[in-house]
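Reader: I have some labels to query. Please take me through the reasoning behind each one.

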Amino acid sequence: MLEIREFRPEDAVDVSRIMADSFRTFLGHRMDGEKPLPPEYYANGGHVRSPRYHGQAFTALEDGKVIGYINVSADLETKLGTLGVIGVDPNSMAHGAGTALFKAAYGFWMERGMEKIYTCTSSINTRAQRYYAKMGFVEEGRRRRHFFSDVDEISLVIYPKRKELDAPLVDVRPLEEADVDAVAAFLAAEGMDGGPERVRSWLTPPDDLLSRHALVARCKADGAVAGAVFCSCIARYNLASLSMIHVGTACRGKGVGTALEHALAQRLKECFPVRKIDCTLSMKQVDCLPFLLHRGFVLEEALRNQDGQGTAVLRLGKFFDE
């Protein structure tokens with residue numbers, strides 16, 4: 001019988017062995033000559049509380065025997081949750097301990113209102129990569145040749161889902177000529193590029209190569225524009241390109257962006273068998289990154305300035321079953 005409970009100091013000896021054994025499953029010869037971290041290392045970090053920082057460890061037991069361990073933390077100021085380490089006895093893998101440990105950790109994070117969960121894993125640890133993907137993590141970046149000269153460290157994140165609104169505050173529908181001036185004024189007020197003619201260009205009928213799709217979200221209460229999304233499509237490649245999605249400052253955190261993204265995905269699927277939506281973000285738009293990652297986009301590449309002095313744009317993609 002599998003049991004998950006908070007870590008106890010008497011678990012430390014078993015945890016020390018389990019963590020060393022689980023790391024050897026993918027590091028192999030790279031751990032030659034290394035000793036396991038002493039039990040005291042784990043015994044002192046199982047339960048930490050301060051005004052800003054909470055840390056907690058959990059252990060998994062099978063028939064009373066310790067077979068797994070996870071150590072997590074929560075920054076109450078930045079709302080960042082971190083999964084420090086997780087390990088399962090190699091002899092007890094595929095028994096559900098990893099999933100059960102993560103569920104306990106996720107509850108710990110949600111009780112403390114975490115808005116982002118972070119962890120990392122090695123590029124050679126394919127088992128862990130599959131596990132983290134199953135738990136809902138997506139890749140956010142890589143640190144090249146970090147701990148070892150031939151191994152990358154993969155940064156992974158989850159943006160916990162917000163509760164769905166019982167009654168959406170907006171109506172989302174395709175852009176019409178009657179919306180053009182209001183949408184242009186909305187974008188201008190938000191400091192976004194665009195005027196009436198640019199907005200009107202999204203009403204252009206499709207041709208053999210390209211089709212354009214624009215949706216507007218209007219508040220049910222007063223009809224004011226709350227957000228808009230613009231996307232172009234190349235049906236030949238089953239490829240869509242997200243040009244812009246923007247939600248008014250006063251309407252953020254209320255499900256408007258989610259409503260726009262869901263409506264766009266549905267519209268694209270009705271028009272053609274969309275395979276992928278891609279998106280390019282400049283550094284001025286990087287605040288959109290959490291929103292897009294939360295909705296299934298993955299970071300594909302970062303392109304540097306021509307002078308090589310820094311990242312210029314990020315490119316992301318969201319993939320659909322073909």
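Reader: What makes Asp-63 exposed?

Author: This is a predicted model, and the label is computed from it. Asp-63 has a relative accessible area of 64%. Exposed means over 50%. Asp-63 is therefore called exposed.

Reader: Where is Asp-63 found?

Author: Asp-63 is in the loop between strand 3 (53-62) and strand 4 (65-75).

Reader: What is notable about the phi of Asp-63?

Author: The phi of Asp-63 is positive, about 55 degrees, although Asp-63 is not a glycine. Most residues other than glycine have a negative phi.

Reader: Lys-79 also has a label. Why is Lys-79 called partly exposed?

Author: Its relative accessible area is 26%. Buried needs under 20%, and exposed needs over 50%. The value for Lys-79 lies in between, so Lys-79 is partly exposed. Lys-79 is in the loop between strand 4 and strand 5 (80-88). Lys-79 has a positive phi of about 65 degrees and is not a glycine.

Reader: Now strand 6 (residues 116-122). How do you know that Ile-117 is buried?

Author: Ile-117 lies in that strand. Its relative accessibility is 0%. The cut-off for buried is under 20%, so Ile-117 counts as buried.

Reader: Which residues does Ile-117 touch?

Author: Leaving out residues up to four places away in sequence, Ile-117 touches Gly-81, Trp-109, Phe-137, Leu-156, Val-157, Ile-158 and Pro-160. Pro-160 is 43 residues from Ile-117 along the chain, yet their C-alpha atoms are separated by 7.6 Å.

Reader: What makes Thr-121 buried?

Author: Thr-121 is in strand 6 too. Its relative accessibility is 6%. That is under 20%, so Thr-121 counts as buried. Beyond its neighbours within four places in sequence, the contacts of Thr-121 include Ala-128, Tyr-132, Asp-152 and Leu-156.

Reader: On to the cysteines. How many disulfides does a search of the whole structure find?

Author: Zero.

Reader: Why is Cys-251 in no disulfide?

Author: The nearest cysteine sulfur is that of Cys-219, 4.5 Å away. A disulfide needs the two sulfur atoms within 2.5 Å. The pair does not meet that cut-off, so Cys-251 is in no disulfide. Cys-251 is buried, because its relative accessible area of 17% is under 20%.

Reader: And what about Cys-271?

Author: Cys-271 is in no disulfide either. The nearest cysteine sulfur, that of Cys-233, is 7.2 Å away. The limit is 2.5 Å, so this pair is no disulfide. Cys-271 has a relative accessible area of 45%. That lies between 20% and 50%, so Cys-271 is partly exposed.

Technical notes. Residues are numbered from 1 along each chain as its sequence is written. This is a predicted model: local features need pLDDT of at least 70, side-chain atom pairs count only at pLDDT 80 or more; totals for chains, interfaces and linings use all residues. Side-chain values use heavy atoms; hydrogens and water are left out. Buried means under 20% relative accessible area, exposed over 50%, partly exposed in between (1.4 Å probe, protein chains only). Helices (H or I, at least four residues) and strands (E, at least two) are DSSP runs, numbered from the N terminus. Contact means heavy atoms within 4.5 Å.
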